[in-house]
Amino acid sequence: MFSALKPRRWAACLFVYPSRAFSASNSFYASSMAAAETVGAETGLYGFDVLKTPKGFRRFVDEAIQKSGELVTYISRLPPSMEIIRAMDEISDTVCSVIDSAELCRNTHPDREYVEEANKASMRINEYLHFLNTNGSLYTAIVKAESERVLHTEEAQRAAHALRVDFENGGIHLSDDKLQRVNQLNVEIARLGNKFNENIMFDPGFVDIFPASRIPKNMQYHFDAIYRPISTASNEISKVGDTRREKGYKIPTDSSTLSSILKWVSDAEVRKQAYIKGNSTPRANLIVLDKLIGARHELAQIMGCKSYAEFAIRPNMAASPDVAMSFLLNLSKSVRCKADEEFNIIREFKRQYLNQRGADLEPWDETFFTGMMKSSAYGLESSVLSSYFSLSGCLEGLKVLVQALFGATFYQVPMSSGESWHPDVVKLSLHHRQEGDLGFLYLDLYSRKGKYPGCAHFAVRGGRRASETEYQLPVVALVCNFVGSPLSSTSRLNHFDVETLFHEFGHALHSLLSRTDYQHFSGTRVVLDIAEIPSNLFEYYAWDYRVLKTFARHETTGDAIPEKLVKAMNDSRKRFSATELQRQIFYSLIDLKLFGAQNNDSMDTVSMVADLKLQHTSWNHVEGTHWHTRFSHLINYGAGYYSYLYARCFAATIWWDTCHEDPLSPDTGTALREKFLKHGGAKDPVNLLKDFIGDGILSCNGGSIPDASSLCREMDL
C-alpha cells in the first residue's frame, strides 16, 4: 500500500515567480490588492493548469490514472533496481497531487461547485488507490528490489521497506478470501469513522436554560432565545395575547460552546447541565464505536496481530502497545502527586469562594475556578494581551524566526490568474541567499463561511528529487480562522491563537526545509511518534520573551511587550499544568485501551473509560456521561494518540538542550535543520533522534520511548 497516497495535511510544489521583498510596513497582508495580485499566463488552482474550472478535477483524476497506469507497466518490466523506487515514488507524487489538492479545495474553496468536484475527485482517486495497493506486479517489484540488495542509499532502502510493509498491511500477501475480507473491513472502518464524526457534528446536544439572566449578558447574543409559559411573576416576561412567558436560551453543547460555558458561567447548575449533556452526546456513537473496535480488531487478527493497537503501533518507534503503555503509566505516576496538589488547591479555592467548608469539587468546576484563580493571581486581561499581538506583527515574528535561525527570508510572490482560491490568500517564497528558493507557502488565515473551522497545515505537493539536476520544491498551505480581513488594521490575536499559529508553522517549516530524494518521506511524512515534534517545539518560541519582544508591540504606543507581562503569562501557563498533562495521559490511555487486546465478551466502553478516569486522574467520573463518544482522535489516531505525549517530551528535550540558551542563534537553527528538519522521514527515526538528542531517547522492551525528564523538570514534577 502507498501510505504516502493517503490524504495528509502536509507538503507541496509549484513554480518560481519573480520575488518581491516586504517589510513590517509592507506585511504579508498589506492589502487585498497585494493578496490578489497576479502575474503571467492564466493557470488553475495551486498552479495546476488543469484546475481552471471545477470540472477540471475530473480531468486531473483521469490524467493521474493514465500516467500512473503507464508507470505501473514500466515498473513491471524493470529489473530490480533503484529505478523501481524512483518510478513508484513518481506514482505516489502523481496521485498525491490529486488527493492533496482535493483535500485543500474541499476544506477552503468558497465555490460550492469546486468543493463538490473536489469531493468527487477524492472518492474516484481513492477507488483507484485500491487498484494500486493490491497490484501484484508492483508488490513483486518492490520485494525483489529490497531482497536483491540493489538499492544503494539508506533512503531508497527505507522506501522499499516502507512500501512493502504498507502493501502487506493492505493484505496483498494474503489469500484471496482473506484479502477480500480485509478490503471489506477497510471500507467498513472508513464508513464508521465518517459516521462517528458526522454524529459529533450533527448532534451537539442542547440544554434549555431559564431564566435568561443565568447566562452572562455578553454571551447571550450567541444563543437562540426560547420562551415558556409561567404562572408567577418574573422580571423576564413578555406578554403575547393573554400568555405570560419567561425568556431563556437554548445552549448547544458542542465542544467549543461547552468550553465557553464552563469557563465563564458562574451558575454552577448551568455548568452542570451543560457538562452532563455535552459529555453524553452523541449517544449513537456508543454503537458506532463498538462496531469500529470490532472491525479494527478483526482486521488486526487477519494480519496476524493480537490487537489493532499492535497492528497500528508496530511500524512506530514504540513498536508495541506494551512499550507505549509503559511510557504512559510511568508518566501518570510522575504527574499524580502534583495533579492531586492542584486538585486540592482548586477545591479549597471553591470552598472559600462559596464559604462552604464541605463543598466538593466537580468536573464542571475546573475551568471556571482555575480561570478565576489565574486572573486573580496574574491580572492577565485578554484585551491587554491581544493589544500586543496584531496578526501582521505575528507574521513578522515568523519572518524574524526563519531569518535568525536559518538565514532565509519570506518574500511575497505574485500568483498567476486562477491560482488562488480567495482574495485573502497570499503566496510566499522561502528564499535562502545561497540556496535560492526552498519552497512555497500559501497563507489563508481569515475566517469565512464554509471554510475548515480550525487551523491546519495542508499539502499541495511534496518535495522530491525529480532528476540529477532538478529538485521539486515543496509547497504547503497554512489555513487558519482568525477574525478580520486583509483590509483591517485591527486584526488581533489572543495568545492561544499565537501559540496555534506557531504550532502550525512548525509543521510548515518541517515540509519547507526537508530535502528528501522521495516525496514519500517529504517533511511531515514521518512515523507518527515524531510528526508533532516540530509543531510542539515551535510553541516554545511563542512563550519566550527573547522572541516575543522582536515582534509583539502595543497597538497604540508601539512599545515592545513588557518582560513582566510575559513572565506573568508563563506563570499562568505553568499553574495547573499537571492537571492538563494528566488529562492528556488519560486521553492516550483511553485510545490505547479501546483498541488493545479484546476479551471474548463485548467491551463496555463507558465503564472502561470511567475506571481509567478514577485510576489516572484526580477527578470523579460523572455517572451517565461518556465523553469518549465525541473524541474524534479515536478515528484519526486509532491507538496512536500517545504520540502527542511522545512529541511533547522530545520537544522539551530539544528546547532545553539545543534552543533555550539562545533560541534565535544561527547555531540553533543549523542544529534544528541539519539534525532533524531536513531529513523528513528519510532516516530511521530512532537513529535520527539519537544523533540529535543522544540520551533523550531510551530503549524499552524492543521499542523506544522519550526521556521525560526535561518535561518533568519544566513542570516541577
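Pro282 sits in the loop that runs between α10 (268–278) and α11 (284–302). This proline is a good place to start a tour of this predicted model, since a cis peptide bond joins Thr281 and Pro282, with omega about 0°.

**Unusual backbone spots**

Most peptide bonds are trans, and most residues other than glycine have a negative phi. Against that background, a few places in the chain are worth a look. Besides the bond at Pro282, the peptide bond from Phe210 to Pro211 is cis, and its omega is near -10°. You will find Pro211 in the loop between β1 (206–209) and α8 (217–220). Asn355 is not a glycine, yet it has a positive phi of about 55°. Look for Asn355 in the loop that links α13 and α14 (366–378). The table puts these spots side by side.

| Site | Backbone value | Loop |
|---|---|---|
| Phe210 to Pro211 | omega near -10° | between β1 and α8 |
| Thr281 to Pro282 | omega about 0° | between α10 and α11 |
| Asn355 | phi about 55° | between α13 and α14 |

**Where α13 meets α24**

Now follow helix α13, which covers residues 321–354, to its contact with helix α24, residues 642–659. What is the angle at which α13 and α24 pack? It is about 60°, and the axes of the two helices lie 11 Å apart. The crossing of α13 and α24 is left-handed. On the α13 side, Val323, Ala324, Phe327, Leu328 and Leu331 take part, and they meet Tyr642, Leu645, Tyr646 and Cys649 of α24. By class, this contact between α13 and α24 holds nine nonpolar residues, with no polar and no charged ones.

**The second largest pocket**

Helix α13 appears again in the second largest pocket, where it gives the largest share of the lining, three residues. This pocket has a volume of about 420 Å³. Its lining has 17 residues, and Leu592, Lys593, Gly596, Ala597 and Gln598 are the closest to the pocket centre. The elements that give two or more residues to the lining are α12 (308–313), α13 and α21 (577–594). How do the lining residues divide by class? Six are nonpolar, six are polar and five are charged.

**How confident is the prediction?**

The mean pLDDT of the protein is 91, and 92% of its residues reach 70 or more. Over residues 3–37, however, the pLDDT is below 50, although this stretch has 138 contacts in the model beyond near neighbours in sequence.

Methods: Residues numbered from 1 in each chain as written. Predicted model: local features only at pLDDT ≥ 70, side-chain atom pairs only at ≥ 80, totals over all residues. Heavy atoms only, no water. Axes fitted to C-alpha atoms, helices over the stretch in contact; angles between N-to-C directions. Helix = DSSP H or I, 4+ residues; strand = E, 2+ residues; numbered from the N terminus. Left-handed = near helix turned anticlockwise from the far one by under 90°. Contact = heavy atoms within 4.5 Å. Nonpolar A, V, L, I, M, F, W, Y, C, P; charged D, E, K, R; others polar. 1 Å grid on protein atoms, 1.4 Å probe; cavity = no way out; pocket = protein on both sides within 12 Å on 5 of 7 lines; lining within 4 Å. Points joined across faces, edges and corners; volume = space filled by probe spheres on them. pLDDT = per-residue confidence, 0-100.
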